Amino acid sequence: MACTTPPSPSPGSSRGSVPGSAARSAPGARDRTSVACHGLSFAWPDGTPVLDGLDLAVGPGRTGLIGANGTGKSTLLRIIAGELTPAAGTVRVAGETGYLPQNHTLDTALRTDQVLGIDRIRTALHAIEAGDCREEHFTAVGDDWDIEERTRAALAQLGLEHIGLDRPVGRLSGGESVLLRLAALLIRRPEVLLLDEPTNNLDRAARERLYAAVAAWPGVLVVVSHDRELLELVDRIADLHDGGVTVYGGTFSAYQEALAAEQEAAERMVRSAEADVRRQRRELSEAHTKLARRARYADKMYASKREPRAVMKMKKRSAQVSAGKHRILHEERLADARRRLEEAEEQVREEAEIRVDLPATRVPARRRVLTVRGAVLPYGRAGAVDLTVAGPERIALTGRNGTGKSTLLRAIAGELAPLSGQIEAHVPVRHLPQRLDVLDDGLSVADNVRRLAPAAGQQRVRAQLARFLFRGPRADQPVSTLSGGERFRATLAALLLAEPAPQLLLLDEPTNNLDLTSVRQLVTALESYAGALLVVSHDLAFLRELSLTRRLAIGSGDGASGGGPDQGAGERAGGLRETGPL
C-alpha cells in the first residue's frame, strides 16, 4: 500500500520542522532582525575578565567583528548564540540564531546527514516512500518534503556535491568539515548567522565558495575573521578595542582608512599636548624665577626698614599670598596639560613587535637543509614527493584540502613515517602544527620554554621571552589562560628557543585564529628569522609578505580554482611542482 505524499511546499512557505529551527518569520520580518547587547560583562571561572559593560547593536546586513586576540570576540559570539551566560547585561536576538564556532571536532562516526541535522526527516521520508503511513513519519517530515534536494543544492553551493548523505564524516578533511557545518546552517536558514573564523583550514576554492555564500546571505550576519578578503564583503566593521566597540561603515579597507585618519589626528593631538606640557613647564619655571626675585626684593626692603614694620609685614604677607596663587595657577595649568596629553596618548594604538634575531637559527647559503626522495605519504593525494631545500630558503606549500600538505610537514618533522621513500632533515627541525598542541596547558609560558630548553637558565629564558612580548609576570601565565594569539606567540617562542635551535621551521596554517595585529607580528618575526622556512597557508595576503623564494603546489592543483572528485586522480600522481608568483 502506497502513501499519498503531500505536494512540495511553494516558495517562501514555512520549513520550520528542520531540527533546531524555529518557525520562519513573516514576510518582511527579516528586515527587522537585529542583535542588541547592553551592559554585557563576563569573566572566566578563574576570575579573568573578558567583557565589562559592553554595548553593541547589530542591524541587517553583514558585520565584521575584529579586535586583538583576547578582547573577547569569540566569547561575545558564544554569548549571542546562547552558549555562555553573561555575568551582567542583556542580549536580545530577533529571530533564530545559527552559530559556526572557531574550533569544533566532528564525531567521526557520524554520517553526513546526521551532521546536517536531517537524518530524522530522511528516515521518515524513506519510510513513507516504502509505504509506511504512520502519522509519526508525516509529523517528522512536516513541510520538508524536498529536504534532500535542498540539502544537495546547499552542498553543491559549497563544493561538497561529491559527499554522499550516507557517507561517514571521518573521511572528510578539515576544510570539508568546516564547509559541512556551514551547509547545515544554510539548510536551516536562521535569521541571524554567527561565524567565527570560518576560513580557517579552507583552500582557495573553498574560500571562494564561502565568500559567495557570505555575499548572498540575506539576513543578519556577524563574522569574526582575520581574512582580509572576507572582510571586504561586509557592510560595516565593529572594532572591539579597550573594552568598547566602535562601528565603522563600509568594508575593511574603509575601516583602515578611517582608523588611519583617526590615528593621524590622535598623533597630532599628542604632539600638540606635548608642546603644551613643555610650554607650561617653562612658564612654571619662569614663574618660580620671578617669585624668587620678588621674595629676595621683599626681604631686602624689609631688612632696610624703609617703611614701618607693620606696613612691611603686610606687604610681605600680600606678596606671599599673590606668589602662592600665581604658582598654583601655573601648576594647575601644567596638570591640565599633562591630563590632556594622557588622554591624547590613550587614543594612539601602539603595536609591539616580536623580535626573533636568534643567531643560532642561521643557515649558510648553500648548506643542505632537507632531502625528500620518492616519499609516499600515508594520507592525502600527493603521490610520490621529491623536494630538496638548501640554505635559508623560504618556501610556500599550497594545494587543495586533503592533498597531504599537513601530512608532509608531519613526516618531515619525524612525527609519522612515509609508506615508502626517504625523508632526511640535515638540520634541527621544529614543527608548528595547526592545533597549537605543542605546549602543556598546565604549565606557565616560561616553564614550557624551560621544558624544551632545559639547559637555559631562568634569566636567559625570561630575556628571550621578552622578545615575544611575554615580559615580567606575563611569562608566568598558565598556557590554559592565553588567548589564541598569545598561545601562538608562546608556541612560537617555545619552538624557536628550544635546544637545539631550529634551522628549519615548519608552519602549518600559522595565521589561523590570529587577529590582524598578531598576523603583522608574525610577519615581523619571520622577517628576522635566519633559518629555512616551509609554510603551509591558504592566506595569500600573508604569503605575499614573507619574501618567499619558492612556491610549491602539492598535487596537480594548487587550490586556486575549483575541482570535483575526479581531480584527485591527477593529484595522486602530481607530487610537488613549482608554481608562479602569488
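Here are three short exercises on this predicted model, each with a worked solution.

**Exercise 1. Find out how confident the predictor is, and where pLDDT stays under 50.**

Let's start with the whole protein: the average pLDDT is 80, and 81% of the residues score at least 70. Next, look for the weak spots. Residues 7–31 stay under 50, yet the model still gives them 47 contacts beyond four places in sequence. Residues 557–573 are also below 50, with 41 contacts beyond near neighbours in sequence.

**Exercise 2. Work out how helices H14 and H15 are arranged, and what their contact is made of.**

First, locate them: H14 covers residues 484–496 and H15 covers residues 516–528. Their axes come within 10 Å and cross at roughly 15 degrees. Angles under 35 degrees count as roughly parallel, so H14 is roughly parallel to H15. As for handedness, the crossing is right-handed.

Now for the residues that touch. H14 brings Gly485, Phe488, Arg489 and Leu492, while H15 offers Ser518, Gln521, Leu522 and Ala525. Sort them by type and you get four nonpolar, three polar and one charged.

**Exercise 3. Take the salt bridge between Arg207 and Asp227, and say which parts of the chain the pair ties together.**

Begin with the full search, which turns up 23 salt bridges across the structure. In the one we want, the side chains of Arg207 and Asp227 meet at 2.9 Å, N to O. Then place each partner: Arg207 sits in helix H7 (residues 204–216), and Asp227 is in the loop between strand E7 (220–224) and helix H8 (228–231). The pair therefore ties together parts that are 20 residues apart in sequence.

Key: Residues numbered from 1 in each chain as written. Heavy atoms only, no water. pLDDT = per-residue confidence, 0-100. Contact = heavy atoms within 4.5 Å. Axes fitted to C-alpha atoms, helices over the stretch in contact; angles between N-to-C directions. Helix = DSSP H or I, 4+ residues; strand = E, 2+ residues; numbered from the N terminus. Parallel < 35°, antiparallel > 145°, perpendicular 65-115°, else oblique. Left-handed = near helix turned anticlockwise from the far one by under 90°. Nonpolar A, V, L, I, M, F, W, Y, C, P; charged D, E, K, R; others polar. Salt bridge = Lys/Arg side-chain N within 4 Å of Asp/Glu carboxyl O.
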